[in-house]
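Welcome, and thanks for opening the viewer. Let's walk through this model stop by stop, with something to select each time.

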Amino acid sequence: MNKPCNGRWDSKIQRSFSGMLMGAAITLTGCATTGVVEPQATGVEPQTAANEVDPYENFNRKMFGFNDRVDNYVAEPVSNAYKRITPEFMQTGVYNFFNNLKNINVVINDVLQAKFQQSAQDTGRFAINSTVGLAGLVDVAKHVGLEQNEEDFDQTLAVWGVPRGSYLVLPFLGPSTSRGIPGAVFDTAANPATYVGFVPVHALSAINSRANAEGALKFIDEAALDPYVFTRESFLQWRNNLATDGKAEASTDMDDFEAELDENVNAPAAKAPATKKEATNAADTNNKADIKKANHSSIARSSDDTASKIAAPLKVNK
């Protein structure tokens with residue numbers, strides 16, 4: 001089972017670290033050596049844009065490796081055991097239960113962002129699942145057309161004009177940003193699960209979230225040449241997409257389409273191949289270009305789909 005992992009720290013075990021680690025992480029990153037992207041073999045200059053968004057790359061990569069080792073030796077074995085002994089319908093119920101509690105955060109942030117119509121829908125979703133859905137164990141609201149929305153305080157801060165800040169990898173918690181840290185603290189305080197005093201409940205939430213993220217984590221390990229960069233870019237793209245309600249992605253797609261259209265309109269007429277061999281070579285070149293473009297688009301879509309799962313509990317990928 002691969003249910004979407006919402007990328008936010010939905011349990012006390014996950015989120016209680018954020019308050020304690022916030023000061024330590026900021027202090028350490030302030031002292032860390034700024035990572036510099038090395039020039040490529042082709043002679044391309046270092047990417048200053050990457051340095052601006054990730055000025056603490058040296059520290060972040062160390063935390064990336066630390067989280068990966070914690071996952072390999074602790075979280076992954078536990079989540080694998082959980083999946084083996086827990087029936088799928090129970091895993092679905094656990095996911096639905098904690099996802100339903102998250103809707104309280106969603107409604108609060110709907111109001112803070114002045115999305116009043118959406119807040120009414122999300123309130124109805126929470127009410128239906130909490131009653132007819134047996135305290136949220138069954139996602140009844142989905143079957144009546146009330147889909148799950150993703151809103152958190154990090155997105156609210158973005159709507160209010162707060163800059164995203166630097167990319168950070170926090171111990172145990174994984175990818176975040178300077179703006180995301182106070183956002184996670186606020187969301188933790190607003191989540192009722194935070195105040196449930198039973199440790200097994202929170203442990204179950206963390207384990208279930210890690211189990212749900214397994215497919216995305218394997219994809220990154222197998223597909224990315226540099227999993228750290230893939231994770232960073234996917235995470236930031238996903239957060240930006242959430243903060244703009246998908247408008248940033250739509251704008252990028254339109255810009256790409258218009259640029260390609262202008263290129264095709266202004267391009268000189270292609271010279272007809274003089275021989276059969278030249279025609280065959282031209283066709284091969286076009287096919288390779290089309291395959292390369294398709295692969296690029298596929299990877300971009302995959303990174304966006306899996307970005308919401310990158311920040312799974314106790315895992316920052318290899």
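Two residues are in contact when heavy atoms lie within 4.5 Å. With that in mind, look at the whole chain: residues 24 or more positions apart account for 76% of the contacts with a separation of 6 or more. This is a predicted model, in which local features need pLDDT of at least 70 and side-chain atom pairs count only at pLDDT 80 or more, while totals for chains, interfaces and linings use all residues. Residues are numbered from 1 along each chain as its sequence is written, and side-chain values use heavy atoms, with hydrogens and water left out.

**Stop 1: the whole chain**

Switch to a cartoon view. The secondary structure comes to 12 helices and 2 strands; these are DSSP runs, with helices being H or I of at least four residues and strands being E of at least two, numbered from the N terminus. Following the sequence, you will meet the pattern α-α-α-α-α-α-β-β-α-α-α-α-α-α.

Now add a surface. The chain exposes about 17,000 Å², and carbon and sulfur atoms supply 62% of it; areas come from the Shrake-Rupley method with a 1.4 Å probe, and for residues only the protein chains shown count as cover. Of the 318 residues in the chain, 42% are buried. Here buried means under 20% relative accessible area, exposed means over 50%, and partly exposed is in between (1.4 Å probe, protein chains only).

**Stop 2: the largest nonpolar core**

Select Val53, Phe59, Met63, Phe64, Tyr167, Val169, Tyr228, Phe235, Leu236, Trp238 and Leu242, the 11 residues of the largest nonpolar core. Such a core is a set of buried Ala, Val, Leu, Ile, Met, Phe, Trp, Tyr and Cys residues joined through side-chain atoms within 4.5 Å. Which elements give two or more residues to this core? They are helix H3 (57-85), strand S1 (167-170) and helix H10 (227-243). H10 supplies the largest share, 5 residues. Another core, of 6 residues, lies apart from this one and includes Tyr82, Val94, Ala193 and Ala211.

**Stop 3: aromatic rings**

Show the side chains of Phe64, Tyr167, Tyr228, Phe235 and Trp238, which form one aromatic cluster. Rings of Phe, Tyr and Trp (its six-membered ring) pair if their centres lie within 6.5 Å; planes under 30 degrees apart count as stacked, over 60 as edge-to-face and the rest as tilted. The whole structure holds 8 aromatic pairs. Take Phe66 and Phe172: their ring centres are 5.5 Å apart and their planes at 80°, so this pair is edge-to-face. Phe66 sits in helix H3 and Phe172 in the loop between S1 and strand S2 (174-177), so the pair ties together parts that are 106 residues apart in sequence.

Phe66 is partly exposed, at 29% relative accessibility, and Phe172 is partly exposed at 27%. Phe172 also has a positive phi of about 70° although it is not a glycine.

Next, zoom to Phe97 and Phe98. Their ring centres are 5.1 Å apart with planes at 85°, so this pair is edge-to-face. Phe97 is partly exposed at 26% relative accessibility, whereas Phe98 is buried at 9%.

**Stop 4: helix H4 and the loop after it**

Select residues 88-112, helix H4. H4 has 25 residues and reaches 36 Å from its first C-alpha to its last, close to the 36 Å expected at 1.5 Å a residue; the expected span is 1.5 Å times one less than the number of residues. Step on to Ala114, in the loop between H4 and H5. Ala114 has a positive phi of about 65° although it is not a glycine. Most residues other than glycine have a negative phi. Ala114 is partly exposed, with a relative accessible area of 47%.

**Stop 5: helix H5 and its two sides**

Select residues 116-131, helix H5. Which residues of H5 are buried? They are Ser119, Asp122, Arg125 and Asn129. Seen down the axis of H5, these buried residues fall within an arc of 120°, so they line one face of the helix; the arc is that of the directions from the helix axis to the C-beta atoms. An α-helix has 3.6 residues a turn, so residues three or four places apart point the same way. The buried residues of H5 pack against helix H4. On the other side of H5, Phe116, Gln117, Ala120 and Thr131 are exposed.

**Stop 6: Val138**

Finish at Val138, in the loop between H5 and helix H6 (153-159). Val138 is partly exposed, with a relative accessible area of 40%. Not counting residues up to four places away in sequence, Val138 touches Asn96, Asn129 and Gly133. The C-alpha atoms of Val138 and Phe97 are separated by 7.7 Å, with their positions 41 residues apart along the chain.
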